[in-house]
Amino acid sequence: MTGVEIAFVLLGIVALSSAVLVVTTTQLVHAALWLVVSLGALAGCYLLLSAELVAWVQVLIYVGAVVVLLLFGIMLTRAPIGPSTDLDSGNRLAAFAVGLGTAGTLVTVLLTGLRHAYFHLGDNPGTGTARSLGDAIFRYWVLPFEVLSVLLLAALVGAIVLSRTNIGRVAAPEDDSASEQRGRR
Amino acid sequence: MHVAYPVVLAAMLFSVGVYGVLARRNAILVLMSVELMLNGANLNLVTFDIWRSDVMHSGQVMALFVIVIAAAEVGVGLAIVLLVFRNRSTIAVDSLRELRERTDRDGTAPEDAMDPP
């Protein structure tokens, strides 16, 4: 094993064990904080795979934004501080069986399919930098990029509409008369 | 570096996410498990991109797109969860069962059920 592989295995152990803690801990806030550890370790894995830009975007968006959103959700749903007993549903054993089956199937298929697949990380330097990825996005992937920006706008508008409370009685009386006058004209 | 290391890690992360989605009651924990599954998929995309050393960088660009879609999904999902909490004052996913299919085991048929012809 080379040094990169050892570092990758260590980071992978951190990411996987904190992911297991996310789905097994009994404290809701701790689950979000373990999610930070897991996503951060995964960002380290991306760095080891020489995907710099993806790693920093992962840190910015996942660790910075998504986890904060989840913490806001935990706070706004008045989650109890401290351990709570009702976080797991009754089908834990079935879920464990399904998860184990998924893991077994995926690992078996991938290991048999990729038995002789190696890559050398120093072969083509600069493959994951912001410059090369920006070249790729704005040369080959412009249309998906624009579609994705429209999707993000639609999702944000949808979130605002969903969280508004006064839908249906937005029109104040003076607005009504004003619009009627405008309609008459 | 063998491709198996990141790929096996991605598969394990995905399975942990599957377990979390199926076993957790709290809707926010279900969203967190979905994030874990998306991260497993992302690690696969980045790994295959580095392995094939793609000229168009399809894998890494797709990983960035998946991250953006995950952010949008969390925004809309949390809005829905907060709406459910405001209307029902609970976000336990297995107690929100008004829309489930009625079976004979539930006892009496619902009142508004139409009679079979």
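Student: Where is the place of Val8(B)?

Tutor: The place of Val8(B) is in helix H1 of chain B, where helices are DSSP runs of H or I with at least four residues, strands are runs of E with at least two, and both are numbered from the N terminus. This is a predicted model, in which local features need pLDDT of at least 70 and side-chain atom pairs count only at pLDDT 80 or more, while totals for chains, interfaces and linings use all residues. Residues are numbered from 1 along each chain as its sequence is written, and chains are lettered from A and ligands numbered from 1 in the order in which they are written.

Student: What does Val8(B) touch, not counting residues up to four places away in sequence?

Tutor: Leaving out residues up to four places away in sequence, Val8(B) touches Val107(A) and Leu110(A), a contact being two residues whose C-beta atoms, placed from the backbone, lie within 7 Å.

Student: And is Val8(B) buried, exposed or partly exposed?

Tutor: Val8(B) is partly exposed, with 19 other C-beta atoms within 10 Å. A residue is buried if 20 or more other C-beta atoms lie within 10 Å of its own, exposed if 12 or fewer, and partly exposed in between, with C-beta atoms placed from the backbone.

Student: How far apart in space are Val8(B) and Asn44(B)?

Tutor: From C-alpha to C-alpha they are 9.1 Å apart in space, and 36 residues apart in sequence.

Student: Switching chains, which residues does Ala103(A) touch?

Tutor: Ala103(A), which lies in helix H4 of chain A, touches Ala11(B), Met12(B) and Ser15(B), again not counting residues up to four places away in sequence. Ala103(A) is partly exposed, with 19 other C-beta atoms within 10 Å.

Student: How many residues does each chain put into the contact?

Tutor: The contact takes 76 residues from chain A and 62 residues from chain B. On the side of chain A that touches chain B, H1 (3-24), H2, H3, H4 (92-113), H5 (130-140) and H6 (142-163) each supply at least two residues, and H3(A) gives the most, with twelve residues.

Student: What is that side of chain A made of, by class?

Tutor: The side of chain A that touches chain B has 56 nonpolar, 15 polar and five charged residues; here Ala, Val, Leu, Ile, Met, Phe, Trp, Tyr, Cys and Pro count as nonpolar, Asp, Glu, Lys and Arg as charged, and the others, Gly among them, as polar.

Student: OK, inside chain A now: at what angle do H2 and H3 pack?

Tutor: Helix H2 (residues 28-48) and helix H3 (residues 52-76) of chain A pack at an angle of about 175 degrees, with their axes 8 Å apart. The axes are lines fitted to C-alpha atoms, for helices over the stretch in contact, and angles run from 0 to 180 degrees between N-to-C directions. H2(A) and H3(A) are therefore roughly antiparallel to each other, given that angles under 35 degrees count as roughly parallel, over 145 as roughly antiparallel, 65 to 115 as roughly perpendicular and the rest as oblique.

Student: Which residues meet there?

Tutor: Among them are Leu28(A), Ala32(A), Leu39(A) and Tyr46(A) in H2(A), which meets a set in H3(A) including Val59(A), Tyr62(A), Val67(A) and Ile74(A). By class, the contact of H2(A) with H3(A) has 19 nonpolar, two polar and one charged residues.

Student: What comes after H2(A)?

Tutor: H2(A) is followed by Ser50(A), whose phi is positive, near 65 degrees.

Student: And H1(A), which of its residues are buried?

Tutor: The buried residues of H1(A) are Phe8(A), Leu11(A), Gly12(A), Ala15(A), Leu16(A), Ser18(A), Ala19(A), Val22(A) and Val23(A). What covers them includes H2 of chain A together with helix H1 (4-23) and helix H2 (27-52) of chain B.

Student: Last topic, whole chains: how many helices and strands does each have?

Tutor: Chain A comes to seven helices and zero strands, and chain B to three helices and zero strands. Buried residues make up 25% of the 185 residues in chain A and 49% of the 117 residues in chain B.

Student: How is chain A divided into domains?

Tutor: Chain A is divided into domain 1 (1-80) and domain 2 (125-167), with bounds that come from an automatic or database domain assignment. The C-alpha centres of domain 1 and domain 2 of chain A lie 22 Å apart, and their contact takes five residues from domain 1 and five residues from domain 2.
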